Amino acid sequence: MLPQSVPASPNLSRRLAKLTSILDVAKAMSAERDLDLLLPLILYEATKVVESDRCSLFILDREREELWSKVAQGSKNEIRLPMGSGIAGQVAHTGAVINIPDAYADPRFNSSFDVSSGYRTHTILCVPMRDANGDVTGVIQALNKRGGIVFDAEDEELLLALGAQAAGAIENALLHEEINRLFEGFVSASVVAIEARDPTTAGHSGRVADLTVSLAQALEHHTTGPYAQVRFSAVELQELRYASLLHDFGKVGVRENVLVKAEKLYPHELDNLRARFQLARKDLQLQSSRRRLAAVEARGLAALPSIHQEEDARLATELAQLDEVMGFLLTCNKPTVLAQGNFERLLELGKLTFTDAHDRGQPLLLPNEIQSLSITRGTLSPEERREIESHVDHTYRFLSQIPWTRALRRVPEIAYAHHEKLDGTGYPRAIPDTTIPVQSRMMSICDIYDALTASDRPYKKAVPHLLALDILKKEASSGQLDAELFSIFVGAEIPRRALKKSPA
């Protein structure tokens with residue numbers, strides 16, 4: 001005959017239920033990395049485990065030798081206590097449990113909180129939280145055992161067990177916060193380094209990040225089309241923000257004179273050209289003086305007035321022609337589209353010469369100057385443009401060296417594709433649209449928009465908002481940009497939303 005099972009006593013069942021609850025909350029706490037969410041969770045479970053009216057949790061700040069709490073139930077404000085002060089401070093200092101059956105009969109109790117809050121404290125249980133090394137990292141304080149009874153040894157044991165679990169979870173959450181602050185500081189310093197190379201683009205990285213994150217958030221309200229099911233978690237938005245902030249970091253590897261080139265000729269090249277034209281002016285004046293002397297010898301001194309008149313008119317014409325050429329070259333030097341026919345004229349001007357101090361003919365316009373002034377659009381030669389475009393490769397190599405957390409591991413990949421086009425005409429890899437991440441597609445739209453609308457730069461004028469949208473629309477219609485994402489960008493008024501969220 002099999003023995004019948006003995007039913008568990010109510011007290012044993014209740015204790016098992018509490019221990020099970022502690023195990024469950026330990027799993028929940030180990031998964032939570034947000035301190036603002038973790039601390040209320042600990043208090044809620046502590047209140048249940050010891051069946052108290054309310055609980056408070058204090059974390060030990062060893063550097064300042066004080067306890068702090070922003071989740072004391074019944075208080076809306078952060079509380080700070082010196083080490084050793086009050087019941088919580090004493091527990092943190094000694095590491096011993098304090099169990100008070102009658103608060104107002106105990107001289108250690110400070111009734112000022114009751115007076116200010118209108119609360120009435122009867123019983124108190126305060127236990128230390130210890131980490132894996134046994135060091136006190138904080139305290140949990142429970143007030144008023146329900147049912148009007150006192151906290152017993154079992155409550156002490158259970159709250160100590162919960163406190164040990166909480167200490168580890170809080171330590172992990174604090175470490176997670178420190179890592180986040182470390183990344184934030186690193187990213188901020190990197191943005192400063194980027195903008196120090198080219199102060200005229202200051203703020204670009206931050207604006208692109210704001211625009212891109214706002215576009216990603218707008219997808220939450222999008223219920224049709226290919227992105228109807230695309231949603232980004234808080235961690236994924238952080239990953240996208242970091243990638244956007246650092247998308248141009250590779251520009252630190254681009255020569256500064258190329259990076260900030262405002263005109264087709266570099267300043268020193270333009271100075272040399274101007275100096276050459278000044279020599280050419282002097283040459284024209286010298287040649288005029290020589291002709292005057294030769295004319296006087298041939299025609300006699302009496303003809304000097306007419307000789308001067310003739311030479312003055314000729315010299316004025318020659319100098320005016322020289323000045324017109326210089327003016328034309330200065331026009332070609334601007335970052336505007338080269339007008340039709342100007343390239344041919346530049347080639348003709350390459351045949352002009354002047355005589356140097358050794359009576360040798362010298363070209364007025366050098367071949368490299370003709371090549372630079374012949375740039376059809378913007379200020380960069382094909383070689384310089386490739387150097388600028390190389391910043392994407394530099395960015396990827398730099399970001400790939402960083403030991404990103406698992407949640408942020410795609411930052412290099414997202415930043416790497418921000419200049420790729422869906423039709424395969426982008427750079428640096430000209431990859432097909434199927435391999436371009438949606439985050440990079442969003443960043444491309446936002447990067448181009450900000451580059452167009454940003455304040456005037458030496459090499460371009462700012463474009464009005466509507467004109468910028470028109471340019472983006474043409475690129476989307478031609479298959480270079482994602483048309484669906486552009487539609488959301490316009491429909492959700494992303495520039496306005498991002499500007500509204502950004503600090504003034």
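Contact here means heavy atoms within 4.5 Å. With that meaning in hand, the reader may turn to the structure, which is a predicted model. In it, helix H5, residues 153-197, lies across strands E1, E4, E5 and E6. The direction of H5 runs at about 40 degrees to that of E5.

The strands that H5 crosses belong to an open sheet of 6 strands, paired in antiparallel fashion in the order E3-E2-E1-E6-E5-E4. At the edges stand strand E3 (79-82) and strand E4 (98-100), each of which pairs on one side only. From one strand to the next, the twist averages 20 degrees.

A second helix, H2 (residues 35-49), also packs on the sheet. Helix H2 touches strand E1 (52-61), strand E2 (66-69) and strand E6 (136-145), and its direction makes about 135 degrees with that of E1.

The pairing at one edge can be followed in detail. Strand E4 is joined by 3 bridges to strand E5 (residues 124-130), and the two run antiparallel. Within this pairing, Asn99 has Leu125 in E5 as its bridge partner.

Helix H5 also meets another helix, H7 (residues 234-245); their axes come within 10 Å and cross at roughly 25 degrees. Angles under 35 degrees count as roughly parallel, and H5 and H7 are therefore roughly parallel to each other. Their crossing is left-handed. On the H5 side, Asn180, Phe183, Glu184, Val187, Val191 and Ile194 take part, and they meet Gln238, Arg241, Tyr242 and Leu245 of H7. The residues of this contact between H5 and H7 comprise 6 nonpolar, 2 polar and 2 charged.

Conventions: Residues numbered from 1 in each chain as written. Predicted model: local features only at pLDDT ≥ 70, side-chain atom pairs only at ≥ 80, totals over all residues. Heavy atoms only, no water. Pairing = 2+ DSSP bridges. Helix = DSSP H or I, 4+ residues; strand = E, 2+ residues; numbered from the N terminus. Axes fitted to C-alpha atoms, helices over the stretch in contact; angles between N-to-C directions. Parallel < 35°, antiparallel > 145°, perpendicular 65-115°, else oblique. Left-handed = near helix turned anticlockwise from the far one by under 90°. Nonpolar A, V, L, I, M, F, W, Y, C, P; charged D, E, K, R; others polar.
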